[in-house]
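I opened my notebook to look up a few things in one model. I wanted to begin with its domains and its ligand.

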Amino acid sequence: MLNFEFKNPTKILFGKGEIAKIEKEIPEGAKILMIYGGGSIKNNGVYDQVRKALADFEFYEFGGVPANPEYEVLINALTFIKEKNINYLLAVGGGSVIDGTKFLSAAAQYEGEPWEILKKPVRTFEGQGMPFGTILTLPATGSEMNSGYVISRRETNEKLSSGGPGLFPQFSVLDPEVVRSIPKNQIANGITDAYTHVLEQYMTAPSSADLQERIAESILISLQQTAPKVMEEDFDYDAAGNFMWCCTMALNGLIQKGVITDWAVHAMGHELTAYYGIDHARTLAIIAPSHYRYNFETKKEKLAQYAERVWNITEGSVEEKAEAGIRKMEDFFHSLHIQTRLSDYVEDYQNTAERVKKAFTERNWLGLGEYKALSPEDAYQIVEMSY
Ligand code: NZQ
Ligand code: ZN
């Protein structure tokens, strides 16, 4: 097991009705800016619950943060924060709203041009961001309990990530009741995103970190078992709760401690969202199978372990089990109506691999993956395999 440090300061308030408690989590006298997305919170009762809980605070709101949070929109929020001397942020939404809020938390405390936080040489935010809490409305990204975020800039076709230890939410409310109003395609996205988060931290080489491996496998199995229940028309509170907690646990830092991690699927996937606007989770389902087949030699033992422990495939050689594991993963995505080829989403895809190779070369991303060994040319091959 590799050396590690682990600190996750986010307080979780899990369960029905917990939104009412946020009043106690925010310091008295705080000047709050609530940040939200396109308005789903006004239709499902979450907005009213928040207003009621914060009736005694000085309270402002900023709506309209789009999916794949857009830099230009967030800059308007930043201006507002400075004009009104806001000192506490409250994200009410999915990963996009929470990520946008983290960017604002950092940008509000940053002296230079805000986009620098997402570009070289900074790309991380040192120091403490403006304090913020979150009310999660879409289980998927794990952003509610980690300190990373991803921002898009349509003007330049970029989608870049950043983060820093001072950007953990102070608290996050996880009320499974919010799952009631989520459209099924977004639930499928959430399952696929969380599932791939586990894979990025697991599908490397066998490790001696037994507990992390077993927790990772448990999250994968729990997501597989919960998926059909949360995709059903009838709402199932316990299934929604399990789904929600799996998504949070998949990316709150726990399973990545003491092991090597990959994250190349996300790096390539983010490019597909930047070029074509494909939902984040679907880009991962496009890239992951090709990534595992392209890197079969270095990953086959772990793929075989995944096949055995997660899918009960016990027959055959290491190679046969490993390939069977990849096929099971594809079948699982298909069972959620998530397609796994770029050509399923985009007609004019032929120059995508070349674009990815060029972008990675220009950004000096010369070594991706757990061994930092994947060159832009390797990314070209993987993206081309996913057509
Ligand atoms: O905008 P509103 O009206 O809220 O509607 C949203 C949006 O249209 C809707 N929605 C959310 N909760 C709902 C709901 N609709 C009905 N009822 C509810 N309860 O769902 C749509 C998608 O929301 P979004 O926040 O964009 O989805 P998601 O949570 O999947 O977030 C995706 C973003 O997170 C980034 C992605 O790259 C992408 O930009 N990621 C962030 C990570 C992190 N911070 O750790 C890691 C991930 O790998 C990912 O990269
Ligand atoms: Zn993701």
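Before I start, one term: the domain bounds I use come from an automatic or database domain assignment. I also note that this is a predicted model.

**Entry 1: domains.** I looked up how the chain is divided. I found domain 1 (11-178) and domain 2 (184-385). Their centres, taken over C-alpha atoms, are separated by 26 Å. Then I checked the contact between them. Domain 1 gives 16 residues to it, and domain 2 gives 22 residues. On the domain 1 side, I saw that strand 6 (148-153) and strand 7 (158-163) each supply at least two residues. I sorted that side of domain 1 by class. It has 7 nonpolar, 6 polar and 3 charged residues.

**Entry 2: the ligand.** Which residues are closest to ligand 1? I listed Gly37, Gly38, Ala67, Gly94 and Gly95. In total, 32 residues surround the ligand. Next I asked which elements give two or more residues to this shell. They are helix 4 (95-107), strand 6 (148-153) and helix 5 (184-202). Helix 4 gives the largest share, 4 residues. I then counted classes in the shell around ligand 1. I got 9 nonpolar, 21 polar and 2 charged residues. Which domains does the shell draw at least three residues from? I wrote down domain 1 and domain 2, with at least three residues from each.

**Entry 3: the sheet.** I traced an open sheet of 6 strands. Its order is 1-8-5-4-2-3, and the pairing is parallel. Which strands are at the edges? They are strand 1 (11-14) and strand 3 (58-62), and each pairs on one side only. I looked up the angle too. Ignoring direction, neighbouring strands of this sheet are turned by 20° against each other on average.

I then zoomed in on one pair. Strand 1 and strand 8 (residues 171-174) run parallel, and 4 bridges join them. I picked out Phe14 and looked for its bridge partner in strand 8. That partner is Leu174.

**Entry 4: the record.** I checked UniProt. The unreviewed entry carries the annotation "domain: Fe-containing alcohol dehydrogenase-like C-terminal" for residues 189-385. I looked at what the model shows there. How much of residues 189-385 is helix, and how much is strand? The span is 68% helix and 0% strand. Its end C-alpha atoms lie 22 Å apart.

Notes: Residues numbered from 1 in each chain as written. Chains lettered and ligands numbered in written order. Predicted model: local features only at pLDDT ≥ 70, side-chain atom pairs only at ≥ 80, totals over all residues. Near = placed C-beta within 6 Å. Nonpolar A, V, L, I, M, F, W, Y, C, P; charged D, E, K, R; others polar. Contact = placed C-beta atoms within 7 Å. Pairing = 2+ DSSP bridges. Axes fitted to C-alpha atoms, helices over the stretch in contact; angles between N-to-C directions. UniProt positions renumbered as here; feature names shortened; annotations may be inferred.
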